[in-house]
Amino acid sequence: MTADPVKAHDSGIETYVHDYFAEDDTLASARERGVDAGADPVSPATGAALRFLTATARARAVVEVGTGSGVSGLYLLAGMAEGGVLTTIDVEPEHQRTARRAFTEAGYPAGRARLIMGRGLDVLPRLTDAGYDLVFVDAARIEYPRYYEQAVRLLREGGVIAFDGVFANGRVGDRSRRDAETAALRELAALVRADERLAPAFVPLADGLLLAAKTATG
């Protein structure tokens, strides 16, 4: 039986991209600890996209919801301007301890990462309006529509929101799937598309990245 050419092509591209974004020892260790803890770190390609976004914006203030083992935080910090501060939120204390270890191993001073333990929807309302260059959300998918509301408020004009895992392993494209998580991701996409303050884009990396630049305040 011959291989499906489309699948073979996809597999080859995935391997090419994975090898292209080879990770250093610090990232590899943080990723391994994250997998062991069930934290499901972002893919190397998604991480590279996050680093690209913070570097392009010369970001000095970034919010992350879903610290995990610190993999995504390392990528965000790598692109940020010197002295920029990452505020990263997670409800699991073990995740935050693991992430702090990763940041320390990477040589970042303690003041570069502000780790806040708590539920994102409880913490975000306490943060400053229009005070952030980028908001990255990698948390409970069912709550994404509510994170969207907070993220738009937190962003300065020209800032970017990034939501990870928005394809739900392909479920969002299957109209027969109506589970709560899939419905929430479709709602998020609709909200972002309808928001005249935002310029959205889907990036088909890993399980999907939804980006939106804030083009106007209001």
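**Exercise 1. Helix H3 and the residue after it**

Find the residue just after H3 that takes a positive phi, then check the length of this helix and list its buried residues.

*Solution.* Start at the end of the helix: in this predicted model, arginine 58 follows directly after H3 and has a positive phi of about 45 degrees. Next, check the length. H3 has 14 residues, and at 1.5 Å a residue these should span 20 Å; the end C-alpha atoms are 20 Å apart, so expectation and model agree. Last, look at burial, which here means under 20% relative accessible area. In H3 the buried residues are Pro44, Ala45, Thr46, Gly47, Ala48, Ala49, Leu50, Leu53 and Thr54.

**Exercise 2. The second largest pocket**

Work out which helices supply the lining of the second largest pocket, and what classes of residue are found there.

*Solution.* Begin with the space itself, which is about 330 Å³. Then collect the lining: there are 11 residues, and those nearest the centre are Glu14, Val17, Ala45, Leu205 and Ala206. Now assign elements. Helix H1 (5-20) and helix H3 (44-57) each supply at least two lining residues, and H1 gives the most, with 5. Ala45, one of the residues nearest the centre, is also among the buried residues of H3. Finally, sort by class: 7 lining residues are nonpolar, 2 are polar and 2 are charged.

**Exercise 3. The largest pocket**

Describe the largest pocket by its volume, its lining and the residues closest to its centre.

*Solution.* The volume comes to about 510 Å³. Of the 26 lining residues, Gly66, Asp90, Asp138, Ala139 and Ala140 are the closest to the centre. Elements come next: helix H4 (71-79) and strand E2 (85-90) each contribute at least two residues to the lining. By class, the lining divides into 10 nonpolar, 9 polar and 7 charged residues.

**Exercise 4. The nonpolar cores**

Which residues have the most contacts inside the largest nonpolar core, and which element gives the most to this core?

*Solution.* Take the residues to begin with. The core has 29 of them, and Leu124, Tyr144, Tyr147, Phe163 and Leu188 have the most contacts inside it. Two or more residues come from each of strand E1 (61-65), helix H6 (120-123), strand E4 (132-137), helix H7 (144-154), strand E5 (155-164), helix H8 (180-194) and strand E7 (209-214). H7 gives the most, with 6 residues. Apart from this core lies another, of 26 residues, including Ala49, Val62, Leu74 and Ala102. As a general point, nonpolar side chains tend to be buried together in soluble globular proteins.

Now zoom in on tyrosine 147. Leaving aside neighbours within four places in sequence, tyrosine 147 is in contact with Val65, Gly120, Leu121, Leu124, Val137, Ala139, Ala140 and Phe163. Two of these partners, Ala139 and Ala140, are also among the residues closest to the centre of the largest pocket.

**Exercise 5. Two aromatic residues**

Decide whether phenylalanine 202 and tyrosine 20 are exposed or partly exposed.

*Solution.* The cut-off to apply is 50% relative accessible area: over it a residue is exposed. Phenylalanine 202, in strand E6 (residues 198-203), has a value of 49%, so this residue is partly exposed. Leaving aside neighbours within four places in sequence, its contacts are Val166, Phe167, Ala189, Leu209 and Leu210. Tyrosine 20 belongs to helix H1, and with 59% this residue is therefore exposed.

Definitions and conventions: Residues are numbered from 1 along each chain as its sequence is written. This is a predicted model: local features need pLDDT of at least 70, side-chain atom pairs count only at pLDDT 80 or more; totals for chains, interfaces and linings use all residues. Side-chain values use heavy atoms; hydrogens and water are left out. A nonpolar core is a set of buried Ala, Val, Leu, Ile, Met, Phe, Trp, Tyr and Cys residues joined through side-chain atoms within 4.5 Å. Buried means under 20% relative accessible area, exposed over 50%, partly exposed in between (1.4 Å probe, protein chains only). Helices (H or I, at least four residues) and strands (E, at least two) are DSSP runs, numbered from the N terminus. Contact means heavy atoms within 4.5 Å. On a 1 Å grid over the protein atoms alone, a cavity is a set of points where a 1.4 Å probe fits but cannot get out, and a pocket is an open set with protein on both sides within 12 Å along at least five of seven lines; lining residues have an atom within 4 Å of a point. Grid points are joined across faces, edges and corners, and a volume is the space filled by probe spheres set on the points. Ala, Val, Leu, Ile, Met, Phe, Trp, Tyr, Cys and Pro count as nonpolar, Asp, Glu, Lys and Arg as charged, and the others, Gly among them, as polar. The expected span of a helix is 1.5 Å times one less than its number of residues.
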